[in-house]
Amino acid sequence: MRTQSPPIDPPSDDKRWRIVNATMRRHGYMPRALIETLNSVQQAFGYLDEDALRYVSAALHVPLSKTYGVATFYHFFTLKPGGAHTCVICLGTACYIKGSADILQALSDHFDVKPGQTTADKRLSLMTARCIGSCGLAPAGVMDSVVIPRLTAAEAIAKVEELVKDGHG
Ligand code: FES
């Protein structure tokens, strides 16, 4: 049996977390509540940010990489700041040591967008994370729904090029 309260505190004392907690509680904090919970975060806050994804992952015992996967797969979820496609580069320790900051820089230069922001044409949001829970795959990123292991700068650019040129989103 799961406990009836989240195992960790919400990211802030914003009262809207009560709505999110109520959703999770209703589902007994089971992992299958992930989509509905993310939906309730989005309803309450208007978007999903890293703190929210971490919190929901921990409370529902879902790997963070999976939560990122779901959040970037469904178009009705908006990662702040919300371009049509999302590339998340992990800057957690394991990934950082393996050069993820350089990968981020290369993407930022190539697509002319600062980390945490969206390109002028709204096609791409370039985001960072502190760890997506796939340290064995470092340096890792999430491109739309897919966790990409052992990235290089050239590969990251090529994959994002592919994402933004294919029509959906
Ligand atoms: S540090 Fe990047 S996945 Fe953990």
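Which residue of β3 is the bridge partner of Gln-117? In this predicted model, the search for that partner leads to strand β3, and it is helpful to look at the strand itself before turning to its neighbours. Strand β3 covers residues 124-129 and is mostly covered, since 5 of its 6 residues are buried.

One neighbour of β3 is strand β2, made of residues 117-118, and the two strands pair in the antiparallel sense over 2 bridges. Within this pairing the bridge partner of Gln-117 is Leu-126 of β3, which settles the opening question. Strands β2 and β3 form a hairpin with 5 residues between the strands, and in this hairpin Lys-122 takes a positive phi near 65°.

Another neighbour is strand β1, which spans residues 85-90 and runs parallel to β3, the two being joined by 6 bridges. Here Cys-90 stands opposite Ala-129 of β3. Strand β3 is thus paired in the parallel sense with β1 and in the antiparallel sense with β2.

Earlier in the chain, the reader can turn to a pair of helices, α2 with residues 34-45 and α3 with residues 50-60, which pack at an angle of about 145° with their axes 11 Å apart. The crossing of these two helices is right-handed. On the side of α2 the contact is made by Leu-34, Thr-37, Leu-38, Val-41 and Phe-45, while α3 contributes Ala-52, Val-56 and Leu-60. Sorted by class, the contact between α2 and α3 has 7 nonpolar residues and 1 polar residue, with no charged residues.

Technical notes:
Residues numbered from 1 in each chain as written. Predicted model: local features only at pLDDT ≥ 70, side-chain atom pairs only at ≥ 80, totals over all residues. Axes fitted to C-alpha atoms, helices over the stretch in contact; angles between N-to-C directions. Helix = DSSP H or I, 4+ residues; strand = E, 2+ residues; numbered from the N terminus. Left-handed = near helix turned anticlockwise from the far one by under 90°. Contact = placed C-beta atoms within 7 Å. Nonpolar A, V, L, I, M, F, W, Y, C, P; charged D, E, K, R; others polar. Buried ≥ 20, exposed ≤ 12 C-beta atoms within 10 Å, placed from the backbone. Pairing = 2+ DSSP bridges.
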